[in-house]
Amino acid sequence: MASPASRTPRTRLNAGLVVAALGLAALTGCTPAGGPSGAASSAAPETTAASPSVSASAPAAASGALDRTELADLFSGIQFRPAQYDTIAAMLESIYPGLTVSDAGCLAPFGAGWESAGDAVEWGTSNDRSMTAVVASAADDTAAEGLVAQAEDAIARCADGQELFAMQGVSVTTSVEPFDLAVSGADDVQGWRVTGDVGGSPFALVGATVRTGQNVLALVGWDPETSADYVPQATQLFVDRIAQAAG
């Protein structure tokens, strides 16, 4: 699918994330089978088709910076697709088109805007398009911690009933809560769940923001039948591969 990145305002791309799981026909126009239409619910995404290798003993947290090529290798090694879209905005708009948000900063947990972290940033969808991932390799630990702090701030500031999002003029009410995310080998782990309603249709998203040294991952799953399992599994796969590449 061609990337609309350069033409997509950040506010439009960010809002789409929150409502993707609704399964409304308007959200599925440009997604293949396995997109937000719910087709992926009946089959495990390829990302986790092979059992994820969650190590019995936790690996040491990685600290070294990775370059763009190394980041792309992380994605392709676990059946995510790097370099599909010119910007993170274009990737997210391709999954969740046509929505608006009044405060783009509220979608920092999705990796929106992380291009500003530097040249070493990669993003892509899982092969079945039920998850998006953004990995940034920051200049140092402090810069990486800043990306985590942005996500933490967004979760605290944009939680519980603030009508920040809209779809075709219909307000989207959301609630944010912590999600118990067991990931080994990371310095910071933040799991979260967004639930809500738009036009009488409920939705739920599961996300992870994880730091290993200078490397930060934002991973989000929309499929209500699989995301509670697949997001932790895919997160651990990313963390393990970052540790191998940066160790």
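This short presentation walks through one protein chain, from its overall make-up to a few individual residues.

Good morning, colleagues. Please bear in mind throughout that what we have here is a predicted model.

I shall begin with the chain as a whole. It contains 5 helices and 9 strands. Followed along the sequence, these elements come in the pattern α-α-β-α-β-β-β-α-β-β-β-β-β-α. The chain has 247 residues, and 55% of them are buried. About 9,400 Å² of the chain is exposed, with 48% of that area supplied by carbon and sulfur atoms. As for contacts with a separation of 6 or more, 73% come from residues 24 or more positions apart.

One example of two residues that are distant in sequence is T100 and F165. They are 65 residues apart along the chain, and 5.9 Å separates their C-alpha atoms. T100 belongs to strand β2, which covers residues 99–101. Its relative accessible area is 36%, so T100 counts as partly exposed.

Let me turn to the strands β6, β7 and β8. Strand β6 spans residues 170–178 and strand β7 spans residues 188–198; the two pair in the antiparallel sense over 7 bridges. Within that pairing, T174 stands opposite G196 of β7. On to the next partner: β7 also pairs with strand β8, residues 201–212, again in the antiparallel sense, here over 11 bridges. In this second pairing, V189 faces V210 in β8. The hairpin of β7 and β8 has 2 residues between the strands, and G199 in this hairpin takes a positive phi near 55°. As a general remark, side chains in a regular strand alternate between the two faces of the sheet.

Two of these strands return when we look at internal space. How many cavities of 30 Å³ or more does the structure hold? There is 1. The volume of the largest cavity is about 110 Å³. It is lined by 13 residues, and those closest to its centre are C106, F110, C158, V176 and V194. Helix α4, residues 141–157, together with β6 and β7, are the elements that each give two or more residues to this lining. In character, the lining comprises 12 nonpolar residues and 1 polar residue, with no charged residue.

Next, helix α3, residues 88–95. Why may we describe α3 as largely enclosed by the rest of the structure? The reason is that 8 of its 8 residues are buried, a residue being called buried when its relative accessible area is under 20%. The buried residues of α3 are I88, A89, A90, M91, L92, E93, S94 and I95.

Finally, I draw your attention to two residues with a positive phi that are not glycines. The first to mention is Q79, whose phi is about 65°. Q79 sits in the loop between α2, residues 68–77, and β1, residues 80–82. Q79 is partly exposed, because its relative accessible area is 30%. The other is A83, with a positive phi near 60°. A83 lies in the loop between β1 and α3. Is A83 buried or exposed? With a relative accessible area of 60%, A83 is exposed.

To close, I would ask you to keep two points in view: the antiparallel pairing of β7 with both β6 and β8, and the helix α3, whose 8 residues are buried. Thank you for your attention.

Key
Residues numbered from 1 in each chain as written. Predicted model: local features only at pLDDT ≥ 70, side-chain atom pairs only at ≥ 80, totals over all residues. Heavy atoms only, no water. Pairing = 2+ DSSP bridges. Helix = DSSP H or I, 4+ residues; strand = E, 2+ residues; numbered from the N terminus. Buried < 20%, exposed > 50% of the residue type's maximum accessible area, 1.4 Å probe, protein only. Contact = heavy atoms within 4.5 Å. Areas by Shrake-Rupley, 256 points an atom, 1.4 Å probe, with all protein chains shown as cover. 1 Å grid on protein atoms, 1.4 Å probe; cavity = no way out; pocket = protein on both sides within 12 Å on 5 of 7 lines; lining within 4 Å. Points joined across faces, edges and corners; volume = space filled by probe spheres on them. Nonpolar A, V, L, I, M, F, W, Y, C, P; charged D, E, K, R; others polar.
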